[in-house]
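Trainee: I'm new to this one. Could you walk me through it, one question at a time?

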Amino acid sequence: MSLAKTRLQEERKLWRKDHPFGFFAKPEKSADGSLDLTNWRAGIPGRKDTIWEEGIYPITINFPNDYPSKPPKVKFPENFYHPNVYPSGTVCLSILNEEQDWRPAITIKDIVLGVQELLSDPNPDSPAQEPAWKAFAKDKELYTRKVKEQAKRYQNYNA
Amino acid sequence: MEVDDTPDMLDISVPRYLPMSQETLKTFSAMVSAREDNLGRIDSILRSIKQDIDKYVEFIIGENMFENIGYTRDFMIVNLQSLERILISKYELENWKAIAFEIRNNLNQQIPEDPATLSNLQQYHDANDETLNEFIRRRVDEMKNSPEKDKNIREYVNKNDLYQLLKNMAFVIEKPTDPLPEEQDDDDVAMAGGVISLKDPMSLHTFKEPVKSKKCDHVFEKSVIEEYLRNEIKTCPVAGCEGRLAKFDLRSDDLMLLRVKVFEAKQQADDFEIETI
Ligand SMILES: [Zn+2]
């Protein structure tokens, strides 16, 4: 069996045994009902006492064949409102970038915690979309309102 | 340097080292090879100590004697003292070997390129103002009287894997997932909730053949890290570690292997107890 497969099976076992509070993450089911370990769905709760706190935000995590040598691709839904999320939903985060801080020892738990941190703590140096980045830089009031509106939409997202 | 032991001044095809004392050179070569033999002997003693430790561990695990830690401590203390003495000899012999290498290099450099002839004998004479004997004596004295000597020996012994295994085996047999006392404040040791991880950080499987990076002390499963590195130099797979690793930076981590063996044996013993209650 490939390293990617065995590693993802272990990731699943570890996650089921123990994972951070309020999060969920699980492999998708294939058409035939079996588990597709290379595609996961996860929910990221916004941090308490931030404008993100009311939502649980959905992401998909797609693992390449040469995972964990190469990082997985993490996506929010299209047009997700955040300065570091591309219009396609792809997350711009250094630990998910092979050229930057990705390392094979980074686990799914590390990734979802990293994405949670990015939500309420955007990186002003890597803009990925116009609307949220502009508002975040120049109009905090608009930014806050938009984020809170979005949080309401994702209030009831769960497994 | 005197040239009175020159055999026949009229013979143009004299050996290149002619102005050196041939006797000194012979004695020197004999000393070097005798010491190299000793190094070989020491390595075989070290291998047999490793075998003794392995047998001892097998016995402890087989007999489920994890509680009788005093026994292990005695085994450790006796063997640690002799191991230390052996390692000090090894250190001195290795130093000697390095000096011998230096002397050989030095010899080759000091001898002029051209073969010795009657007309350039003076050039030979001038090329070497320190006799071989003096040179050897100076280097050996430097080694013996170095102010750093004790510190270097300490470091050498401490860095030895077998020494570390023997020194820490009692602790690890007692507490297989606890960080060693000297590691407890070390951020580079893979820990989760205060315990040492017994899993390869890439496959997340429990170690079978753990290897440690000389560059950063991170531990990996041999087959997994070798597959990752292939024949390249890559950044350490652990997040935040800037160590640059190649295959030859890895050496087997016997202490980690001991942790895994003891941990699994203890777990089995616990499971057995639960079943029989
Ligand atoms: Zn490292």
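Mentor: Sure, this is a predicted model, and we'll take the interface and then a few side-chain pairs.

Trainee: How many residues does chain B bring to the contact with chain A?
Mentor: Both chains take part, with 13 residues coming from chain A. The area buried between the two is about 1100 Å², and carbon and sulfur atoms give 64% of that. From chain B, the contact takes 16 residues.

Trainee: Which three residues supply 41% of the area that chain B buries against chain A?
Mentor: No other three residues of chain B supply more of that area. The names to look for are B:Met202, B:Leu204 and B:His205.

Trainee: Which residues form the salt bridge across the interface?
Mentor: The rule finds one salt bridge between chain B and chain A. On the side of chain B that touches chain A, the residues divide into 10 nonpolar, four polar and two charged. The closest N and O atoms of the bridge are 3.5 Å apart, and the partners are A:Arg103 and B:Glu242.

Trainee: Is B:Gln164 buried or exposed?
Mentor: You'll find B:Gln164 in helix H6 (residues 161-174) of chain B. Leaving out residues up to four places away in sequence, B:Gln164 touches B:Asn158, B:Glu182 and B:Leu255. Its relative accessibility is 19% and the cut-off is under 20%, so B:Gln164 counts as buried.

Trainee: Which side chain does the side chain of B:Gln164 join in a polar contact of 2.9 Å?
Mentor: A polar contact is a pair of N or O atoms within 3.5 Å. At 2.9 Å, the side chain that B:Gln164 joins is that of B:Asn168.

Trainee: Why can residues four places apart in a helix point the same way? And which residue pairs with A:Glu130 in a salt bridge?
Mentor: An α-helix has 3.6 residues a turn, so residues three or four places apart point the same way. A:Glu130 is exposed at 53% relative accessible area, and its partner, four residues away in helix H3 (residues 130-138) of chain A, is partly exposed at 43%. With the closest N and O atoms 3.4 Å apart, that partner is A:Lys134.

Trainee: How many residues apart are B:Glu84 and B:Arg154?
Mentor: Their side chains meet in a salt bridge of 3.1 Å, N to O. B:Glu84 is in helix H2 (residues 69-110) of chain B and B:Arg154 is in helix H5 (residues 149-159), so the pair links distant parts of the chain. In sequence, they are 70 residues apart.

Key: Residues numbered from 1 in each chain as written. Chains lettered and ligands numbered in written order. Predicted model: local features only at pLDDT ≥ 70, side-chain atom pairs only at ≥ 80, totals over all residues. Heavy atoms only, no water. Contact = heavy atoms within 4.5 Å. Buried area = accessible area lost by both parts, 1.4 Å probe. Salt bridge = Lys/Arg side-chain N within 4 Å of Asp/Glu carboxyl O. Nonpolar A, V, L, I, M, F, W, Y, C, P; charged D, E, K, R; others polar. Helix = DSSP H or I, 4+ residues; strand = E, 2+ residues; numbered from the N terminus. Buried < 20%, exposed > 50% of the residue type's maximum accessible area, 1.4 Å probe, protein only. Polar contact = N/O pair within 3.5 Å; in protein donor to acceptor, adjacent residues only side chain to side chain.
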